[in-house]
Amino acid sequence: MIRAVGRIFYGCYAWLALLACVVPTCVGLAVATTVEHRRKVARTGARWFFFAIGSPISVEGSEIEPHCPCIVVANHASYLDGIILTAAGVPVAAGIIASLLQLAKLRLPAAAGVPAEDAGG
């Protein structure tokens with residue numbers, strides 16, 4: 001019983017923390033003038049949110065080069081994946097869903113697991 005009450009209180013706290021981080025982040029995004037500045041504002045807001053709920057984000061390994069195209073795939077489905085990728089500094093987090101939808105629409109052989117050079121077209 002005590003554990004259930006604790007979960008409810010933590011859930012309410014997490015929602016309040018999200019709200020407290022989203023509002024200033026949205027204001028910062030509205031006044032930011034460059035894409036780099038917007039990414040920095042979004043990354044800072046996402047990191048503050050995870051810090052506030054007790055789950056700070058840390059990235060190990062090399063940073064993603066902005067000029068190197070890449071595909072970032074989460075190993076599970078979650079509503080927090082976009083926020084986590086933003087906090088990690090992945091510059092294409094907002095375009096991942098649109099890119100995957102476009103990939104599926106074009107029915108590229110690579111989307112089906114067939115190497116492009118073996119597809120014959």
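These notebook entries record what I looked up in a predicted model.

**Entry 1. Confidence**

I began with the confidence of the protein chain, which averages a pLDDT of 75, with 61% of the residues scoring at least 70. By element, I found the highest mean in H1, at 92, and the lowest in helix H4 (residues 96-106), at 53. I then turned to residues 107-121, where the pLDDT is below 50. Beyond near neighbours in sequence, that stretch has five contacts in the model.

**Entry 2. The nonpolar core**

Which residues form the largest nonpolar core? I listed eight: Ala14, Ala17, Cys21, Ala46, Phe49, Phe50, Ile53 and Ala87. Two elements, helix H1 (2-31) and helix H2 (35-52), each give two or more residues to this core. I next examined Ile53, a member of the core. Apart from neighbours within four places in sequence, Ile53 is in contact with Tyr10, Tyr13, Ala14 and Ala17.

**Entry 3. Helix H2**

I checked the length of H2 against expectation. At 1.5 Å a residue, its 18 residues should span 26 Å, and the end C-alpha atoms are indeed 26 Å apart. I noted Val41, Gly45, Ala46, Phe49 and Phe50 as the buried residues of H2. Viewed down the helix axis, the buried residues fall within an arc of 160°, so they line one face of H2. On the face turned away from the buried side I found the exposed residues Glu36, Lys40, Trp48 and Phe51. I also asked what covers the buried residues of H2. The cover includes H1 and helix H3 (81-88). After H2 comes Gly54, for which I recorded a positive phi, near 85°.

**Entry 4. Leu85 in H3**

I located Leu85 in helix H3. Is Leu85 buried or exposed? I recorded a relative accessible area of 18% for Leu85; the residue counts as buried because this value is under 20%. Leu85 and Ala46 lie 39 residues apart along the chain, and I noted a separation of 9.1 Å between their C-alpha atoms.

**Entry 5. Ile57 in the loop**

I placed Ile57 in the loop between H2 and H3. Its relative accessible area is 21%, so I entered Ile57 as partly exposed. What does Ile57 touch, leaving out residues up to four places away in sequence? I listed Arg47, Phe50, Ile84, Ala87 and Ala88. Of these, I followed up Ala87: it is 30 residues from Ile57 in sequence, with 6.8 Å between the two C-alpha atoms. Two of the residues touched by Ile57, Phe50 and Ala87, also appear in the core of Entry 2.

Technical notes:
Residues are numbered from 1 along each chain as its sequence is written. This is a predicted model: local features need pLDDT of at least 70, side-chain atom pairs count only at pLDDT 80 or more; totals for chains, interfaces and linings use all residues. Side-chain values use heavy atoms; hydrogens and water are left out. A nonpolar core is a set of buried Ala, Val, Leu, Ile, Met, Phe, Trp, Tyr and Cys residues joined through side-chain atoms within 4.5 Å. Buried means under 20% relative accessible area, exposed over 50%, partly exposed in between (1.4 Å probe, protein chains only). Helices (H or I, at least four residues) and strands (E, at least two) are DSSP runs, numbered from the N terminus. Contact means heavy atoms within 4.5 Å. The expected span of a helix is 1.5 Å times one less than its number of residues. The arc is that of the directions from the helix axis to the C-beta atoms. pLDDT is the predictor's confidence in each residue, from 0 to 100.
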